[in-house]
Amino acid sequence: MTRPLPPSLASIASCISGYDPAALPVAQARAFIDQLVPRVRAAEMLPLRSALGRVLASDVVSHLNVPAHDNSAMDGYAFAGRDLAADADTVLQVAGSGLAGTPFTGQAGPGQCVRIMTGAVMPDGLDTVIPQEFTRLDGDRIVIPAGAVRAGDNRRLAGEDLAVGDAALAAGRILRPADIGMLASLGRAEVPVLRRLRVAFFSTGNELRSIGEPLDEGCVYDSNRYTLYCMLQRLGVDVIDLGVVRDDPQALAEAFSTAAANADAVITSGGVSVGEADHTKTVMAQLGDVLFWRIAMRPGRPMAIGRIHAEHGDAILFGLPGNPVAVMVTFYALVRDALLAMAGATQQPLPLLRCAATRPIRKKPGRTEYQRAIVSPAPDGGWQVDITGSQGSGILRSMSQANGLMVLHHDQGDVAAGQLVDVLPFEGLI
């Protein structure tokens, strides 16, 4: 069967209202990318302990009740709620005891109770548990003060967590520790997950040197590969590091071809700005269907997006700017969610905090700005945010000092001191 051809970049662009590659708003760039990227379909079975961070390939439906029986939520005494006195203390005789894994097998009659531990099966006919600290013991009887408990309290119902036939987890979920525990509670030894997304990346530029190489005059160590590697590791993808590629047409063509042959997505840093003395854009265009954008954002305006052709299929290309801060900002603004979508994960937008700006900030409407910022508790409660200082796109130290990005949206203007702004926290990202 012939595989259907994906829509061309031109056809995708035609669906974006007001599309202008020379001044593309962030929201439009995200909409374009979402339509461009394919999804991983291949799946595999993994042992439960190996599935953390992987994307669930199919829905998991519970085949049993969790918990399997009504059980006690407290250490205390189980009894029938109907035995509670209306406006007086209740006195009950202790008929026996039940432990987790060793249930009470007798029959408690009217006016009787059973000593019970947390997790123990509720004895037949009993529906209420009084915590032991709320009772007084008088020989083989307990005294429950009036109003200490209501009928039905402190009982976990069978199937309260999951009932037979309930959807436990939906396909596309990135499995977290709690999910692994829930799957274990269902007795699942294995779980179906999508194969890992494969992402290749490299840096371009004659001035770049890898760590361990001597620095010639005018050269710098390549930091982008290290930040990209770590950001990709956070996403749980398979990472292919192709190193630093010199600004040479043949070397670039070989790097792009190798990347596309081995990966689902290719990320480059450098070589996409107007006026750069390199061959990256020419080689990109020769090997695939690529668009070059100037995005209405700061930092990170230049970007390339498209497909690079390979024998097994097309690899999606994300050509990022070369400045270290711009690489990180464009990755989180435009690439992160696209890679998760390609991996088959359900969309999980990053949360934004609402924080009070500690100083006035100048901002022109018509572009989205991502200011490196420090969030801290406000003296009167809530959160406050201040910028780290100089916001130059080459000052990587400012990203290291920050614990978030202040997001000043496309249509937003100047910010007054005390005004609430959105902040993207770094915790869990960088």
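A crossing of two helices is left-handed if the near helix is turned anticlockwise from the far one by less than a right angle, and right-handed if clockwise. Keep that in mind for the close-ups below, which show a predicted model in which local features need pLDDT of at least 70 and side-chain atom pairs count only at pLDDT 80 or more, while totals for chains, interfaces and linings use all residues. Residues are numbered from 1 along each chain as its sequence is written, and side-chain values use heavy atoms, leaving out hydrogens and water.

**View 1. Helix 4 meets helix 7 in a right-handed crossing.** Helices (H or I, at least four residues) and strands (E, at least two) are DSSP runs, numbered from the N terminus. Helix 4 covers residues 224–235, helix 7 covers residues 324–342, and the two pack at an angle of about 25 degrees with their axes 11 Å apart. Helix 4 is therefore roughly parallel to helix 7 (angles under 35 degrees count as roughly parallel, over 145 as roughly antiparallel, 65 to 115 as roughly perpendicular and the rest as oblique). Axes are lines fitted to C-alpha atoms, for helices over the stretch in contact, and angles run from 0 to 180 degrees between N-to-C directions. Among the residues in contact (heavy atoms within 4.5 Å) are Leu-228 and Met-231 of helix 4, and Phe-331 and Tyr-332 of helix 7. The residues of this contact divide into 11 nonpolar, two polar and one charged. Here Ala, Val, Leu, Ile, Met, Phe, Trp, Tyr, Cys and Pro count as nonpolar, Asp, Glu, Lys and Arg as charged, and the others, Gly among them, as polar.

**View 2. Helix 2 also passes helix 7 in a right-handed crossing.** The axes of helix 2 (residues 26–36) and helix 7 come within 10 Å and cross at roughly 20 degrees, so these two helices are roughly parallel to each other. Helix 2 brings Val-26, Ala-29, Arg-30 and Ile-33 to the contact, and the residues from helix 7 include Tyr-332 and Asp-337. Seven residues of this contact are nonpolar, none is polar and two are charged.

**View 3. Six strands build an open, mixed sheet.** Follow the strands in the order 16-13-17-21-20-18. At the edges, strand 16 (238–245) and strand 18 (288–294) each pair on one side only; two strands pair if DSSP finds at least two bridges between them. Neighbouring strands are turned by 15 degrees against each other on average, direction ignored. Strand 18 pairs with strand 20 (residues 302–308) in the antiparallel sense over seven bridges, and Leu-291 stands opposite Ile-305 in strand 20. Helix 6 (residues 280–287) packs on the sheet, and its direction makes about 140 degrees with that of strand 18. Helix 7 packs on the sheet too, touching strand 13, strand 17, strand 20 and strand 21, and its direction makes about 170 degrees with that of strand 21.

**View 4. Two cis peptide bonds come into focus, one between Val-66 and Pro-67 and one between Arg-298 and Pro-299.** Omega is about -5 degrees for the bond to Pro-67, and about -5 degrees for the bond to Pro-299. Look for Pro-67 in the loop between strand 2 (60–61) and strand 3 (71–72), and for Pro-299 in the loop between strand 19 (297–298) and strand 20.

**View 5. Asn-154 has a positive phi, near 60 degrees, although this residue is not a glycine.** You can find Asn-154 in the loop between strand 9 (141–144) and strand 10 (155–156).
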